[in-house]
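Here are some notes to read beside the model. Please keep the structure open and find each residue as it comes up.

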Amino acid sequence: MHPTNDLAAKTLRVHHLLNDLYGIQAIYGRTDPMHELISTILSHRTTHANEVTAYRTLRERFPTWEVVRDAPLPGLIDAIKTANYPEVKAPYIQNLLRQLIRETGAANIDFLANLTTEEAMKWLTDLPGIGLKTATLLLLFNFKKPVLPVDTHVHRVTQRLGLIGPKVSAEKAHGILLAYLPQDATVLFNFHKHFYWHGQRVCTWYYPKCNECILQKQCDFFRAGGKMALSSTPARAKAK
């Protein structure tokens with residue numbers, strides 16, 4: 001069998017194992033795509049609780065997206081200060097809103113539902129501050145487009161398993177993993193959610209719970225004793 005076919009088969013095998021572990025989920029996202037879009041920006045490099053607090057404070061102080069767009073930058077930075085790097089995220093949010101409202105006449109992205117996946121992806125990633133992860137999360141969760149978000153958890157778990165190479169970036173992993181999977185939004189949603197949960201609960205960043213993991217037999221990292229050099233994670237610390 002060709003190596004690519006081997007990896008595709010392995011990808012599906014571990015996907016089914018995690019389906020059995022976590023259960024098949026129906027696709028769900030926030031009812032308001034704009035909420036999803038702005039929250040995803042706020043979520044970068046911060047906790048879910050801090051993201052929620054930042055979004056709530058943002059909307060309390062600036063009740064419409066037009067008011068957010070026109071807000072004094074220091075005030076906006078202060079409103080989202082619970083999210084890490086608010087001084088970076090606040091200008092991104094304002095520039096995004098300016099471009100969105102200028103191009104469409106409203107702070108609304110429901111029209112993405114009527115675009116092809118490729119068109120919607122290009123439109124989103126052309127916005128200031130919107131990268132591949134934010135675009136794929138939004139398109140999968142809210143519009144059920146067949147895309148695959150690869151966050152830090154998905155990147156780490158798939159790299160440790162050997163589904164992607166040891167130096168492959170999260171951005172490049174998106175296309176590689178997507179090619180191994182059925183182009184079905186429900187399949188891709190469950191792949192993302194299950195690898196995300198597994199990375200949070202078992203295959204954690206520094207001290208993975210390898211002895212509790214159902215994927216041991218499929219895992220290159222486990223077979224190497226946790227000593228693989230991977231771009232997604234540091235080497236395991238030596239026991240003192």
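1. Start with Asn19, in this predicted model. Is Asn19 buried or exposed? Its relative accessible area is 11%, and the cut-off for buried is under 20%, so Asn19 counts as buried. The residue belongs to helix H1, which covers residues 3–22. Its side chain has a polar partner: the side chain of His194, at 3.0 Å. Beyond its neighbours within four places in sequence, Asn19 is in contact with Ile24, Asn190 and His194.

2. Two of those partners, Asn190 and His194, lead to helix H11. This helix runs over residues 185–201. It has 17 residues and spans 24 Å from first C-alpha to last, close to the 24 Å expected at 1.5 Å a residue. H11 is mostly covered, with 12 of its 17 residues buried. Among the buried ones are Leu188, Phe189, Phe195 and Trp197, but also Asn190, His192, Lys193, His194 and His198. At the N-terminal end, Asp184 acts as a cap: a side-chain oxygen of Asp184 lies 3.0 Å from the backbone nitrogen of Thr186.

3. Gln200 is also in H11. How accessible is Gln200? Its relative accessibility is 39%, which lies between the 20% and 50% cut-offs, so Gln200 counts as partly exposed. Apart from residues within four places in sequence, Gln200 is in contact with His153 and Arg156. For a sense of distance, take Leu115: it is 85 residues from Gln200 along the chain, and their C-alpha atoms are separated by 33 Å.

4. After H11, look at Leu215, in the loop between H11 and helix H12 (220–223). Leu215 has a relative accessibility of 1% and counts as buried. Which residues does Leu215 touch, not counting those up to four places away in sequence? They are Val14, Leu17, Leu18, Leu161 and His198. Leu161 is 54 residues away from Leu215 in sequence, yet the two C-alpha atoms are 8.1 Å apart.

5. Next, the nonpolar core. In soluble globular proteins, nonpolar side chains tend to be buried together. The largest nonpolar core here has 71 residues, and those with the most contacts inside it are Trp65, Leu112, Leu124, Leu177 and Phe195. Helix H8 (residues 132–143) supplies the largest share of this core, seven residues. Both domain 1 and domain 2 contribute to the core, with at least three residues from each. For one of the well-connected members, Trp65, the contacts outside its neighbours within four places are Met34, Ile38, Tyr55, Leu58, Arg59, Leu97 and Ala107.

6. The domain assignment gives domain 1 as 5–26 + 148–224 and domain 2 as 33–143. How far apart are the C-alpha centres of domain 1 and domain 2? The distance is 27 Å. Across the boundary, 11 residues of domain 1 are in contact with six residues of domain 2. Separately, an unreviewed UniProt entry lists "domain: HhH-GPD" for residues 42–201. Over residues 42–201 the chain is 67% helix and 0% strand, and the end C-alpha atoms are 22 Å apart.

7. Helix H6 can be read alongside H11. H6 has 19 residues and reaches 26 Å from its first C-alpha to its last, close to the 27 Å expected at 1.5 Å a residue. Its buried residues include Pro86, Lys89, Ala90, Ile93, Leu97 and Ile101. Their cover includes H2, helix H4 (65–70), H5 and helix H7 (117–125). H6 is followed by Gly105, which has a positive phi near 85°.

8. Finally, some backbone angles. Most residues other than glycine have a negative phi. Arg45 and Tyr85 are not glycines, but each has a positive phi of about 55°. Where do these two residues lie? Arg45 is in the loop between helix H2 (33–43) and helix H3 (48–61), while Tyr85 is in the loop between helix H5 (73–79) and helix H6 (86–104). Arg45, at 66% relative accessibility, counts as exposed. Tyr85, with a relative accessible area of 43%, is partly exposed.

Key. Residues are numbered from 1 along each chain as its sequence is written. This is a predicted model: local features need pLDDT of at least 70, side-chain atom pairs count only at pLDDT 80 or more; totals for chains, interfaces and linings use all residues. Side-chain values use heavy atoms; hydrogens and water are left out. UniProt positions are given in the numbering used here, feature names are shortened, and annotations may be inferred rather than shown by experiment. Helices (H or I, at least four residues) and strands (E, at least two) are DSSP runs, numbered from the N terminus. Buried means under 20% relative accessible area, exposed over 50%, partly exposed in between (1.4 Å probe, protein chains only). A polar contact is a pair of N or O atoms within 3.5 Å; within protein, one must be able to donate a hydrogen and the other to accept it, and residues adjacent in sequence count only if both atoms are side-chain atoms. Contact means heavy atoms within 4.5 Å. A nonpolar core is a set of buried Ala, Val, Leu, Ile, Met, Phe, Trp, Tyr and Cys residues joined through side-chain atoms within 4.5 Å. Domain bounds come from an automatic or database domain assignment. The expected span of a helix is 1.5 Å times one less than its number of residues.
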